Amino acid sequence: MDPGRKRKIRLVVALTAAVLLAAALVYTSFSASIEAKQPSQLLVSPSGTSAELTGRVVRRSVRHDGAALRFRVADRNNARASIPVSYSGTVPDPFRGGREIVLTGAVRNGVFVGERDTLITKCPSKFTASNDG
Amino acid sequence: MTASVGSVALALAFLAAIAAAVMALAGRNGERRWVDRSRRTVYAMFGLLTLCVVLIEIAFATDDFSLNIVQQHSSIETPSFYKLAAMWSSQEGSLLLWAWVLSIAASAALYATRNRLREVVPYATAVMAGVAAFFTGLMLFAGGVDPFTTLSPAPADGVGLNPLLQHPSMMIHPPMLYSGYVAFTIPFAFAVGALVARRLDAAWIRATRRFALIAWAFLGLGLLLGARWSYSELGWGGYWAWDPVENAALMPWLMGTAFLHSIMVQEKRGILKVWNACLIVAAFSLALLGTFLVRSGVLQSIHAFGDSTVGPYILGLIAVVLIGSAALIVSRLDDLRSEKRIDSLASREAVFLVNNLLLVALCATIFWGTFFPLISELFTGEKASLAAPWFDRYTTPFAIALVLFTGVGPLLAWRRISWAAAKRVFLAPVAVAAAVGVALALLTDAADSPWALALFVFAAFALTGLAQEFWRGASARRSLSGGSMAQALLAVTSRNRRRYGGYIVHAGVAVLLIGVAASSSFQTKRDVTLRPGESAVVDGRTVTYKRPTVSVSNEAIGFGAVLAVDQDGKRVAVLRPSRRFFRPTGAPTETIGSFFDGEATSEVGLKAGPGSDLWVADQPDIAAVRRRARAADRGFRACLEEAPGTPPQCRALSRVMRAAGADPRLRPAALAQLEALQAAAAERVATSYRADGAPATFRVIVNPLVTWIWIGGLIALSGALIAIWPARPARRAPGAATELEALKEAKYREIRDAELDHAAGKLSDEDFALLDAELRREAVEILNSANGNGTAARTHTRQSDPENRI
């Protein structure tokens, strides 16, 4: 086989493999991903909706209930829409009222139940303009 | 005073950057005067930005709260060590750091190339100065990010540095990452210069290779420090979380790794030119993207994400870089033709190409995962994100393949390897890898995780191959010059720093990935709730909660535990994890209870060992303490209201408070008295935790081989340092590191490389004879053009002076 043809075949094989891998990546990421929702969206969702809850922990709402932690999370820009949350597992250091969190879980009878160890708290205001420590 | 001097210096630095760019372009057709002036203007910019940094640091050290940046990020009580680090905890300070580090790197690069690359340097200077002008201009004009913004009147105290950031890593982790990001500007600028000037041989690569390596090493060190910080301190229990900001630093590092490999191919073989140009553009753009991500608020992350004014500007710069570079590369495609072709798939350059494809694919995968929320919002209207398991699943195969090629690459010679030579060099590594695989599968439960087992086997292969390389190189050196094996090893390494430094990096990465695979696949994690005196068994270790502890200091109240760990009847460790609650700073406290609402940090109990780490974090149950705090608060209120039944001291206190209410001048003293009383009460309440017998929840993690991540990282960094370290200066003509000198050096190194490959058995005698003759012919050509004296040059190389032997 002449070298030019050989190179062309190699190129086609390599490109096909790359395209197949990319397609697999795209396909699985859409099925493996989980939607991020704010409390106001979850308040109107049916029980059983699973989501990644993002929002701000309502100040003075954090209560320890045995091993579980109960608190309310409000929309980032709308403190009035808030959903009760129940969570057990590791609590990151920066967690407290007023902080923004991300938590994976599902709505069960009006309460957002977080999956174990999925609570992420954002580091406070390293670069934020507003200071709400 | 500080502010006005600083503002002037910053404005002058901005003007210097613009002037340097203009002067450099004025000198593009070889007017040395303008090029020299532009270089000196860059030095001046470095001086001015240094002044800015020094002024800011002095302001931090002397508690000058008239500066907004100091007031917002430091306080009188902030330990002086952290006052110095507080600069880069702020938006404006981090931008200043960016610009300052860039001015250092640009000055160093221009100094190193002052007698070289005459066509390329003007354009490279313009690019570097342009980027510097962008960042200094951002501080001056973007609004809200001027480090010299003042407050009038100056407050008496500052807000303080967030306790979470008060960790020794804060001192070096951010500057290392920034230095890594910034240093990628240098090879990028020279690549652009080479493209514009159509000087597309390997000259720009030789001039900036060291900067690319420095960028890579700094970024790697920054990542390692960040991983170590989150593992040992933050209480997250892991060293890597696929957080967008972590990914943002990892992606340019991966691109840098690919670039460092593929430029070697261009240097030796004159191929992959377009690829290299694309890689450095990608690495630089990703570095800018990392700078952008922390300031934009577009993605959810553990790290701080605030919307800020500078995000859109940085995005604009990335767009300019990408579009401009793409146009430039396309318009120069004809000049970017390969000089040669890859001879054989069983050659080092072919393996480098495969490793490059793997690294780029890995980077693309991480990019996709990181930005998936934006992608999915585009298509489905919902921000959806991918979690760590997705990243783990897709990156593991890449990591394993990369470890394999980490071992294969060094075993192959450039151009081609003969079947006989291949058998010789692959025999030992394959045999050892097979033996390790069988032993692990039979004697341990490593087979439970096939991916991890594969990684261990490939790492064994890579490490054996690398050891064999060192052994053969040293043996060859020894047969030439005698001496002990250790001396020979040292000599051969110091004479071939790039080669052996690179091998050491490979060994370090293999060790690091062994640690990652073992600790992620065979980790034991348990949450146990214990009362004092109780114990639990985790992975064969008995953990006993001996007693609770309370520590009270001026800034924090800590609740902790003393844990005894026994294994096989022997005490192996005593751990003291705790959780510290920081007293609110700034505003006066209203209640005792608020002392326990403050910022909290975990102090992890860690017993590190070569076999495994025992990691414990404490989540104390302070419900009883809080109840008592509330009761104390009620007592205080009753006391101030002089309710019936309160002790007589209350009357005195409320009298003081009433007087303060009537006369504002008395207020500070009264508030101080109240605060002191509250602090004393808070301390009493806190210490009651010791007698509570309250349960505490401990997260206990047994992490096998995790220590080897840090050791592997340090090995890799020391290898990078060896490769970066310049060759002995005596070999260079003083002051004249000209392009031809560099070209000659490179050719000599290639000859030495071939000799080493031959000595190590990678090149057969015939192949070596052919290659050596060709390389020497090329060297003679270089020497001829250097001094125009063919005969002298020929004798010079034919003798192949002993200095140039392996």
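Guide: Before we look at the helices of this predicted model, keep one cut-off in mind: an angle over 145 degrees between two axes counts as roughly antiparallel.

Visitor: How do helix α1 and helix α2 of chain B cross, and what is the angle between their axes?

Guide: The axes of helix α1 (residues 2-26) and helix α2 (residues 32-61) of chain B come within 8 Å and cross at roughly 160°. With the cut-off just given, α1(B) and α2(B) are therefore roughly antiparallel to each other, and their crossing is left-handed.

Visitor: Into which domains is chain B divided?

Guide: Chain B has domain 1 (1-166), domain 2, which is made of two segments (170-184 + 210-386), domain 3 (524-705) and domain 4 (736-804). Between the C-alpha centres of domain 1 of chain B and domain 4 of chain B there is a separation of 45 Å.

Visitor: I would like to learn to read a sheet next.

Guide: The general idea is that strands of a sheet pair through backbone hydrogen bonds, either parallel or antiparallel. In chain B, four strands form an open sheet in the order β2-β11-β10-β9, with antiparallel pairing. The edges are taken by β2 (524-530) and β9 (605-607) of chain B, each with a single partner strand, so one side of each is left without a neighbour in the sheet. On average, neighbouring strands of this sheet are turned by 15° against each other, direction ignored.

Visitor: How many bridges hold β2(B) and strand β11 of chain B together?

Guide: There are seven bridges between β2(B) and strand β11 (residues 696-704) of chain B, which pair in the antiparallel sense. To find one of the pairs on the model, start from B:Asp527, whose bridge partner in β11(B) is B:Arg699.

Visitor: Where in chain B can I find a hairpin, and which residue in its turn has a positive phi?

Guide: Look at β5(B) and β6(B), which form a hairpin with two residues between them, and where B:Asp568 in the turn has a positive phi of about 50°. Strand β5 (residues 556-567) and strand β6 (residues 570-575) of chain B run antiparallel and are joined by five bridges, and B:Ala564 stands opposite B:Val574 in β6(B).

Visitor: Turning to chain A, which elements does the chain contain, and in what order do they run?

Guide: Chain A comes to two helices and eight strands, and from the N terminus on the order is α-β-α-β-β-β-β-β-β-β. The chain is divided into domain 1 (1-33) and domain 2 (36-121), and the C-alpha centres of these two domains of chain A lie 42 Å apart. Of the 133 residues in chain A, 32% are buried.

Visitor: How far apart in sequence are the residues that make contacts in chain A?

Guide: If we take the contacts in chain A between residues at least 6 apart in sequence, 48% of them join residues at least 24 apart.

Visitor: What are the partners of β7(A), and in which sense does each pair run?

Guide: With strand β5 (residues 82-87) of chain A, β7(A) runs parallel and is joined by two bridges, whereas with strand β6 (residues 100-108) of chain A it pairs in the antiparallel sense over four bridges. A:Val113 in β7(A) has A:Ser86 standing opposite, and A:Val113 is also the bridge partner of A:Ala106. β6(A) and β7(A) form a hairpin with two residues between them, and A:Asn109 in that turn has a positive phi of about 50°.

Visitor: Which residues of β7(A) lie on the covered face, and which on the uncovered one?

Guide: In strand β7 (residues 111-114) of chain A, A:Phe112 and A:Gly114 make up the covered face, while A:Val111 and A:Val113 make up the uncovered one.

Note on methods. Residues numbered from 1 in each chain as written. Chains lettered and ligands numbered in written order. Predicted model: local features only at pLDDT ≥ 70, side-chain atom pairs only at ≥ 80, totals over all residues. Buried ≥ 20, exposed ≤ 12 C-beta atoms within 10 Å, placed from the backbone. Contact = placed C-beta atoms within 7 Å. Domains from an automatic or database assignment. Pairing = 2+ DSSP bridges. Axes fitted to C-alpha atoms, helices over the stretch in contact; angles between N-to-C directions. Parallel < 35°, antiparallel > 145°, perpendicular 65-115°, else oblique. Left-handed = near helix turned anticlockwise from the far one by under 90°.
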